[in-house]
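Biologist: Could you take me through one part of this model at close range, the loops and the packing around them? Please go contact by contact, and keep it relaxed.

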Amino acid sequence: MIYLGRITADVGTAAFDHQYWEFVSGKSSVSKTSWALLIDEMMQTDKWANNSPRYRADLEDVFEYLLEKIGKADVARLSQADIYEAMDKNRHRVRFANYIPTAISMLSKLAIRKR
């Protein structure tokens, strides 16, 4: 069985039911075009390997954030407003916030090439 963590949604909501059944069944509903899969693919590319260690470290922090927040979500569901919201929520760490659109752009370009 896969450990999915704790249920974070409010009791009685559709999100709660979804998380509960993922936990009980041991199955995670990761989209076939999820951000998590794209991030894994990106980190296997030669382009990624050719980036400087500092640049990779900065982007890896953003990738971890994206995995936590939208890792299972379908790539096509992200909107520009979502990106601005993420940047706003991380305005206390400016460098990190500025790398969010960069990371998403890189991943989006990879998704288009893989299409």
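Modeller: Sure, let's begin with T45, which is in the loop that runs between α2 and α3. Keep in mind that this is a predicted model. The side chain of T45 comes to 3.1 Å from the backbone nitrogen of W48. T45 and L110 are 65 residues apart along the chain, yet 9.7 Å is what separates their C-alpha atoms.

Now step back into the helix before that loop. α2 covers residues 35-42, and its buried residues are W35, A36, L38, I39 and M42. Looking down the axis of α2, you'd find these buried residues within an arc of 160°, so they line one face of the helix. As background, an α-helix has 3.6 residues a turn, so residues three or four places apart point the same way. The partners that the buried residues of α2 pack against are α3 (46-50), α4 and α6.

Two of those α2 residues turn up again around F63. Leaving out residues up to four places away in sequence, F63 touches I39 and M42, and also M43, W48, A103 and L107. F63 and M42 are also among the residues that touch the most other members of the largest nonpolar core, together with L59, V62, L66, I100 and L107. That core has 21 residues. The elements giving it two or more residues are α2, α4, α5 and α6, and α6 gives the most, with 8 residues. In soluble globular proteins, nonpolar side chains tend to be buried together.

From the core member I100 you can move straight to the other loop I'd look at, since I100 is one of the residues N90 touches. N90 sits between α5 (80-89) and α6 (94-114), in the loop joining them. Is N90 buried or exposed? Its relative accessible area is 4%, so N90 counts as buried, the cut-off being under 20%. What does the polar side chain find there? One polar contact, at 3.1 Å, goes to the side chain of Y65, and another, at 2.9 Å, goes to the side chain of R93. Not counting residues up to four places away in sequence, the residues that N90 touches are Y65, F96, A97 and I100.

Y65 and F96 also deal with each other. There are 3 aromatic pairs in the model. In the Y65–F96 pair the ring centres are 5.4 Å apart and the planes are at 90°, so this pair is edge-to-face. Y65 belongs to helix α4 (residues 53-70) and F96 to helix α6, so to speak a link across 31 residues, joining distant parts of the chain. Y65 is buried at 13% relative accessibility, and F96 is buried as well, at 11%. R93 comes back here too: its charged end sits over the ring of F96, 3.8 Å from the ring centre. R93 thus contacts the N90 side chain and also covers the F96 ring.

One last stop is D58, also in helix α4. D58 counts as buried, with 12% relative accessibility. With residues up to four places away in sequence set aside, D58 touches R95 and Y99.

Definitions and conventions. Residues numbered from 1 in each chain as written. Predicted model: local features only at pLDDT ≥ 70, side-chain atom pairs only at ≥ 80, totals over all residues. Heavy atoms only, no water. Helix = DSSP H or I, 4+ residues; strand = E, 2+ residues; numbered from the N terminus. Buried < 20%, exposed > 50% of the residue type's maximum accessible area, 1.4 Å probe, protein only. Polar contact = N/O pair within 3.5 Å; in protein donor to acceptor, adjacent residues only side chain to side chain. Contact = heavy atoms within 4.5 Å. Phe/Tyr/Trp six-rings, centres within 6.5 Å; stacked < 30°, edge-to-face > 60°. Lys NZ or Arg CZ within 6 Å of the ring centre and 35° of its normal. Core = buried A, V, L, I, M, F, W, Y, C linked by side-chain atoms within 4.5 Å. Arc of directions from axis to C-beta.
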